[in-house]
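Thank you all for coming; I would like to take a few minutes to walk through one model with you. Please have a look at the sequence and the structure before I begin.

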Amino acid sequence: MKSGLVSGKLIKWKDEKGFGFIQPADGSLDVFLHISEIKDATRLPVLNDTIYYNTVTKNGKVCAINAFILGARDKSTKNSLNPKTSSKSVPKQAFPLVSTLCLSILPLIGSGHFAWRVASIFPVFNLLPIILYIGMSLITFNLYAADKYQANHGKWRTSEITLHSFEFLGGWLGGFIAQKMLRHKNIKKSYQIEFWLVVIIHYIFWIVWLIFSEAYLKQIASIRL
């Protein structure tokens with residue numbers, strides 16, 4: 001890695017894939033930039049942004065690391081421009097306890113109500129929502145962690161379709177926690193729209209369940225009798 005920060009202009013950026021290329025100010029070869037290496041940004045990068053960064057060679061390709069966007073850096077974050085400190089990885093965030101509890105209130109109420117009301121009719125399946133939420137959340141969190149590791153090391157990435165699929169199957173809460181703790185997939189606008197759409201679908205399901213389940217379960221009970 002070079003001994004200090006260098007600058008360049010962003011000449012290519014693929015927002016849907018989260019990477020682009022910087023044209024260095026010294027006229028050297030273009031440098032690969034992945035969104036995970038942009039630190040403390042207040043927005044997504046756009047063409048012609050001035051980027052400050054360090055470089056490292058990965059698999060024969062010159063890549064930018066510890067980058068920030070000139071004019072779009074969070075002023076509340078105090079990072080030294082000394083390469084010895086700027087090259088350190090950003091520490092993981094604390095567990096987002098309050099926001100996680102707030103976000104999980106409706107699913108918890110819905111899952112509890114499902115377990116209570118379905119126990120007498122389908123005792124084998126009454127805990128299925130709770131099991132899915134816990135199991136899929138653990139899997140999704142680990143998928144996020146693996147994807148961030150792969151991104152930082154230039155390896156094959158986990159597709160966004162895969163991540164959203166596990167979120168849809170109940171792992172969205174684990175995805176939310178991973179976004180907050182790992183700072184992964186939390187900036188890309190298109191990904192966030194799709195993520196919150198999954199959350200809304202789950203919320204709608206539980207709202208519909210809580211409103212209409214009693215009548216539906218009574219019909220099932222009468223048929224069984």
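I will go from the overall layout to the strands, then to the helix packing, and finally to a few single residues.

Let me say at the outset that this is a predicted model, and that every value I quote is computed from it. The protein chain contains five helices and five strands, and if you read along the sequence you meet them in the pattern β-β-β-β-β-α-α-α-α-α. Of the 225 residues in the chain, 40% count as buried. As for how the contacts are distributed, if we take those between residues at least 6 apart in sequence, 65% of them join residues that are at least 24 apart.

Let me turn to the strands, and in particular to β2, which covers residues 19–24, and β3, which covers residues 31–34. These two pair in the antiparallel sense over four bridges, and one pairing you can look for is that of Ile-22 with its bridge partner in β3, Val-31. Together β2 and β3 form a hairpin with six residues between them, and in the turn Gly-27 has a positive phi of about 80°. Which way do the side chains of β3 point? Val-31 and Leu-33 point one way from the strand, while Phe-32 and His-34 point the other way, and all of these are buried.

Now to the helices. Two packed helices are described by the angle between their axes and the distance between the axes, and I will use that description for two pairs, both of which involve α4.

The first pair is α3, residues 128–152, with α4, residues 160–182: their axes come within 6 Å and cross at roughly 60°. The two helices are therefore oblique to each other, and α3 passes α4 in a right-handed crossing. Sorted by class, the residues in this contact comprise 17 nonpolar, seven polar and three charged.

The second pair is α2, residues 97–118, with α4, where the packing angle is about 170° and the axes lie 11 Å apart. An angle over 145 degrees counts as roughly antiparallel, and so α2 is roughly antiparallel to α4. Which residues meet here? On the α2 side they are Ser-99, Thr-100, Leu-103, Ser-104 and Pro-107, and on the α4 side Trp-172, Leu-173, Phe-176 and Ile-177. This contact of α2 with α4 divides into six nonpolar, three polar and no charged residues.

While we are still on α4, let me point out His-164, which lies in that helix. Is His-164 buried or exposed? Its relative accessibility is 12%, so His-164 counts as buried. If we leave out residues up to four places away in sequence, His-164 touches Tyr-191, Glu-194, Phe-195 and Val-198.

I will finish with two backbone details. Most residues other than glycine have a negative phi, and with that in mind I would draw your attention to Asp-40 and Arg-183. Asp-40, in the loop between β3 and β4, has a phi near 60°, a positive value in a residue other than glycine, and its relative accessible area of 11% makes Asp-40 buried. Arg-183, in the loop between α4 and α5, has a positive phi of about 55° although it is not a glycine, and with a relative accessible area of 37% Arg-183 is partly exposed.

Notes. Residues numbered from 1 in each chain as written. Predicted model: local features only at pLDDT ≥ 70, side-chain atom pairs only at ≥ 80, totals over all residues. Heavy atoms only, no water. Axes fitted to C-alpha atoms, helices over the stretch in contact; angles between N-to-C directions. Parallel < 35°, antiparallel > 145°, perpendicular 65-115°, else oblique. Left-handed = near helix turned anticlockwise from the far one by under 90°. Nonpolar A, V, L, I, M, F, W, Y, C, P; charged D, E, K, R; others polar. Buried < 20%, exposed > 50% of the residue type's maximum accessible area, 1.4 Å probe, protein only. Contact = heavy atoms within 4.5 Å. Pairing = 2+ DSSP bridges.
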